[in-house]
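Student: I'd like to learn how to read a protein–DNA model. Could you walk me through one?

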Number of protein chains: 2
Amino acid sequence: MKLHVSPDIFPPRGHEAKRLSIVDSAAAVFCREGFAGANIDLIAAEAGVSRQTIYNHHGDKEKLFVAVVRDLTERCNAGIFATIATFPDQPGDLEADLIGFALRLNQNCICNRDGKFLRKLIQTEGERYPELFAEWREQGPGRTWPAIAARFARLAYGGYLTIEDPDVAARQFLGLVNAELQTTFMLGGSLREDEVLQSATNGVRTFLRAFGKRRSAASAEKQSALAGA
Amino acid sequence: MKLHVSPDIFPPRGHEAKRLSIVDSAAAVFCREGFAGANIDLIAAEAGVSRQTIYNHHGDKEKLFVAVVRDLTERCNAGIFATIATFPDQPGDLEADLIGFALRLNQNCICNRDGKFLRKLIQTEGERYPELFAEWREQGPGRTWPAIAARFARLAYGGYLTIEDPDVAARQFLGLVNAELQTTFMLGGSLREDEVLQSATNGVRTFLRAFGKRRSAASAEKQSALAGA
DNA sequence: GACGATTTAGACAAGAGTGTCTAAATTTGT
DNA sequence: ACAAATTTAGACACTCTTGTCTAAATCGTC
């Protein structure tokens with residue numbers, strides 16, 4: 001296999017910059033090729049670093065892989081919690097606000113580079129490292145789902161929604177909002193922004209039909225006026 | 001790596017039986033280890049067959065992989081269409097019938113061995129074989145989604161549902177019905193039957209809150225009586 | 001500019017996996 | 001039971017990869 005690769009601009013400067021570059025490139029290669037197929041030489045080339053440097057930093061392939069997953073989990077979680085902080089607790093236009101939230105969640109946490117990589121690594125190598133991914137499960141869905149559920153409970157308590165089980169509602173919200181992206185997710189492709197918007201819009205509309213308070217005549221009119229989008 | 005494996009009972013008898021056994025074992029190993037990590041010797045051992053027989057049948061590793069995916073796609077599609085044929089076109093109890101349908105879909109097509117394997121192969125190796133998986137996309141979601149959408153359109157036309165866009169409704173139905181299984185899906189784990197039932201039940205209830213006709217007092221009563229499940 | 005730490009290129013041994021080949025054993029059809 | 005086809009075990013050449021080692025080059029800092 002030839003290794004003519006264009007590294008990120010030019011060799012990264014500084015110890016920490018190299019560490020970063022290595023983990024980044026390793027994430028990409030582990031995703032593309034799987035753990036077994038990932039080639040340290042290729043990672044080194046893509047990182048713009050010599051192979052020995054990788055061994056200096058991380059010891060061996062397995063430790064490098066663990067570092068990659070830990071890194072991705074951390075960054076993704078940070079992104080998700082930052083986005084949850086923007087949840088519309090006192091919505092003006094509930095539909096528009098929820099669509100905005102769903103959009104931010106998708107664009108910043110699920111469809112971005114880190115999100116795609118983490119998802120793929122979990123899918124492909126999850127069974128090989130049970131403890132590592134149990135950790136992800138606790139730190140990821142185990143913390144983010146309840147956080148989102150709590151926000152929906154608050155909306156229900158505030159009279160904006162009619163919800164029996166906030167945990168179920170939260171999971172269904174996520175399911176609806178991504179309903180039209182599943183196939184693309186599976187193939188790891190990139191999503192156009194308008195596809196994400198479309199799926200979020202359709203998902204939120206259905207969510208509100210199920211859990212929203214009965215609409216007034218005025219908002220029903222507005223709803224159907226917008227329906228052609 | 002040691003290869004003391006218990007093959008399926010004892011060496012399979014007959015030419016066709018061997019072919020079957022090879023493809024089956026190959027599917028399992030490709031899923032567990034990824035394409036690069038899959039070991040022909042291991043596949044041979046699990047299939048209860050010598051390595052040379054695999055080369056006699058399939059030529060090389062790549063052709064074997066393609067044969068595996070084609071086989072899985074075909075079997076899964078058959079299962080899905082068989083299940084779609086059981087869609088409740090003239091429902092007695094709409095909620096119960098849709099839950100039953102969702103359950104059959106999940107148990108027979110999505111959570112079964114073939115479904116899990118095919119999903120994982122698409123996720124892990126989809127980008128390596130664009131044409132192969134484009135074919136899957138056309139034959140799979142490209143045919144099954146419209147088929148399901150058509151059934152929902154029929155329900156709407158029959159006055160059982162209020163749906164604007166049957167395609168959207170179909171995708172959302174699938175999203176809702178699997179909303180609670182996503183994490184387990186990602187880690188490739190097996191699902192207990194009651195988890196699948198719970199997710200299907202919750203999903204169908206929400207689906208009907210969004211798209212069902214306004215409930216009569218009687219059915220509203222029944223609904224809330226069942227809500228404690 | 002000089003010093004210590006880090007990085008680099010390249011060679012290297014060891015191991016693993018693919019795909020081929022052979023001759024012997026086994027199965028299948030008749 | 002015989003002949004043809006298939007399967008088997010094992011050896012084999014070849015390639016690729018990991019991880020180590022070395023000596024030279026480069027970097028950061030004073």
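Student: Which helices supply at least two residues each of the surface near DNA strand C?
Tutor: Start by asking which elements the nearby residues sit on. In this predicted model, helix H1 (15–37) and H3 of chain A do so, together with H3 of chain B. H3(A) gives the most to that surface, with five residues.

Student: And which residues come nearest to DNA strand C?
Tutor: Look for names from both chains. Of the 19 residues around DNA strand C, Ser50(A), Arg51(A), Thr53(A), Ala38(B) and Gln52(B) come nearest. On the DNA side, sugar and phosphate account for 70% of the strand C atoms that come within 4 Å of the protein.

Student: What is the chemical make-up of the surface near DNA strand C?
Tutor: Sort the residues by side-chain class. Here you get four nonpolar, nine polar and six charged residues.

Student: Where do I find individual contacts to the phosphates?
Tutor: Check the distance from a protein N or O atom to a phosphate oxygen. For DNA strand C, a polar side-chain atom of Thr53(A) lies 2.4 Å from a phosphate oxygen. From chain B, a polar side-chain atom of Asn39(B) lies 3.2 Å from a phosphate oxygen of that strand, and a side-chain N or O atom of Tyr55(B) is 3.3 Å from one.

Student: Now the other strand. Which residues come nearest to DNA strand D?
Tutor: Go through the same steps again. There are 18 residues around DNA strand D, and Ala38(A), Gln52(A), Ser50(B), Arg51(B) and Thr53(B) come nearest. Of the strand D atoms within 4 Å of the protein, 70% belong to sugar or phosphate and the rest to bases.

Student: Which helix gives the largest share of the surface near DNA strand D?
Tutor: That's H3(B), with five residues. The helices that each supply at least two residues are H3 (51–58) of chain A, plus H1 (15–37) and H3 (51–58) of chain B. By class, the surface near DNA strand D divides into four nonpolar, eight polar and six charged residues.

Student: What about backbone atoms and the phosphates of DNA strand D?
Tutor: Don't look at side chains alone. A polar backbone atom of Ile40(A) is 3.2 Å from a phosphate oxygen of DNA strand D, and a backbone N or O atom of Lys61(A) also lies 3.2 Å from a phosphate oxygen of this strand. Lys18(B) uses its side chain: a polar atom there lies 3.4 Å from a phosphate oxygen of strand D.

Student: How are the two protein chains related?
Tutor: Superpose one on the other and read off the rotation and the shift. Chain B goes onto chain A by a rotation of 180 degrees with 0.0 Å of shift along the axis, at an RMSD of 0.1 Å. The two copies are therefore related as by a two-fold rotation axis. The same surface serves both copies, with 100% of the contact residues of chain B recurring in chain A.

Student: Which residue of chain B comes closest to the rotation axis?
Tutor: Ala210(B), whose C-alpha is 2.1 Å from the axis.

Student: How do I judge the size of the interface?
Tutor: People often quote the accessible area lost when the parts come together. Between chain B and chain A, about 3600 Å² is buried, and carbon and sulfur atoms give 54% of that area. In chain B, Met186(B), Leu187(B) and Arg209(B) lose the most area to chain A, together 21% of what that side buries. You can also count residues: 37 of chain B are in contact with 37 of chain A.

Student: How many salt bridges and polar contacts does the interface have?
Tutor: Keep the two counts apart. There are eight salt bridges across it, and 16 residue pairs are in polar contact. One of the salt bridges joins Glu33(B) to Arg128(A), with the closest N and O atoms 3.7 Å apart. H11(B) gives the most to the side of chain B that touches chain A, with six residues. That side divides into 13 nonpolar, 13 polar and 11 charged residues.

Key
Residues numbered from 1 in each chain as written. Chains lettered and ligands numbered in written order. Predicted model: local features only at pLDDT ≥ 70, side-chain atom pairs only at ≥ 80, totals over all residues. Heavy atoms only, no water. Near = heavy atom within 4 Å. Polar contact = N/O pair within 3.5 Å; in protein donor to acceptor, adjacent residues only side chain to side chain. Helix = DSSP H or I, 4+ residues; strand = E, 2+ residues; numbered from the N terminus. Nonpolar A, V, L, I, M, F, W, Y, C, P; charged D, E, K, R; others polar. Least-squares fit on C-alpha atoms with pLDDT ≥ 70 in both. Contact = heavy atoms within 4.5 Å. Buried area = accessible area lost by both parts, 1.4 Å probe. Salt bridge = Lys/Arg side-chain N within 4 Å of Asp/Glu carboxyl O.
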